[in-house]
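Work through the exercises below with the sequence and the coordinates open, and try each task before reading its solution.

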Amino acid sequence: MRLRLVREPFDHPDYIFELKHDGFRAIAYLQNGESKLVSRNQRNLEFEALKRSLAKLPVKNAIIDGEIICVDAKGVSQFNQLLSRKGEPVFYAFDLLWVDGEDQRQMPVIERKKRLVRTAECPRLLYAQHVMQHGKAFFAEICARDLEGIVAKRKLGIYKDDAPGWLKLKNPTYSQAEGRHELLTRGR
């Protein structure tokens, strides 16, 4: 699912809102005690300790959408630690696409999240909690805490690439975004 940037936070009873952490978007593929992390550009991501930890989840197989992040003691994502490989990465899981041989993508996201939380038994996996319908207040709190932003999803939405995507709202004063372009383009 792609994220589409919107400019204004909103409240709506048909939406859930999640914290948008600052990291690398990835899909975790788990099968027979092994795991693979793949970027949205279809590149294998080499976070070996994280992959070993995810491989121990109590499932035969699963596909989980999420973000690889490093967090500080307050639970705030630290992108520079992730980029420099100085922090211990965790997988911030926000959607369950497949589990134990069953495709979950046609189920509403709110149901997929209920199944995901039951699967999320791993010290290096963070479950993406959500707020129902109150995006404005949630976004204001995210900005006040200097976090990256929020993601809005239709609570009955299915997981389909050509469906209306998820919406992201970015904190315009997010301090970790300062100088990011130069950091990511250095050495190219």
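**Exercise 1: a residue in its strand**

Glu18 is found in strand 2, a strand being a DSSP run of E with at least two residues and a helix one of H or I with at least four, each numbered from the N terminus. This is a predicted model, in which local features need pLDDT of at least 70 and side-chain atom pairs count only at pLDDT 80 or more, while totals for chains, interfaces and linings use all residues. Residues are numbered from 1 along each chain as its sequence is written, and side-chain values use heavy atoms, leaving out hydrogens and water.

Task: decide whether Glu18 is buried or exposed, and find which side chain it joins in a polar contact.

Solution. Start with accessibility: Glu18 counts as buried because its relative accessibility is 2%, where buried means under 20% relative accessible area, exposed over 50% and partly exposed in between, with a 1.4 Å probe and protein chains only. Then turn to the side chain, which makes a polar contact of 2.7 Å with that of Lys153; such a contact is a pair of N or O atoms within 3.5 Å, one able to donate a hydrogen and the other to accept it within protein, and residues adjacent in sequence count only if both atoms are side-chain atoms.

**Exercise 2: the sheet**

Task: state the order of the five strands in the open sheet and name its edge strands.

Solution. The order is 1-11-10-2-9, with mixed pairing, and two strands pair if DSSP finds at least two bridges between them. The edge strands, each pairing on one side only, are strand 1 (3-5) and strand 9 (131-134). Finally, strand 2 (residues 11-20) runs antiparallel to strand 9 and is joined to it by three bridges, with Asp11 opposite His134.
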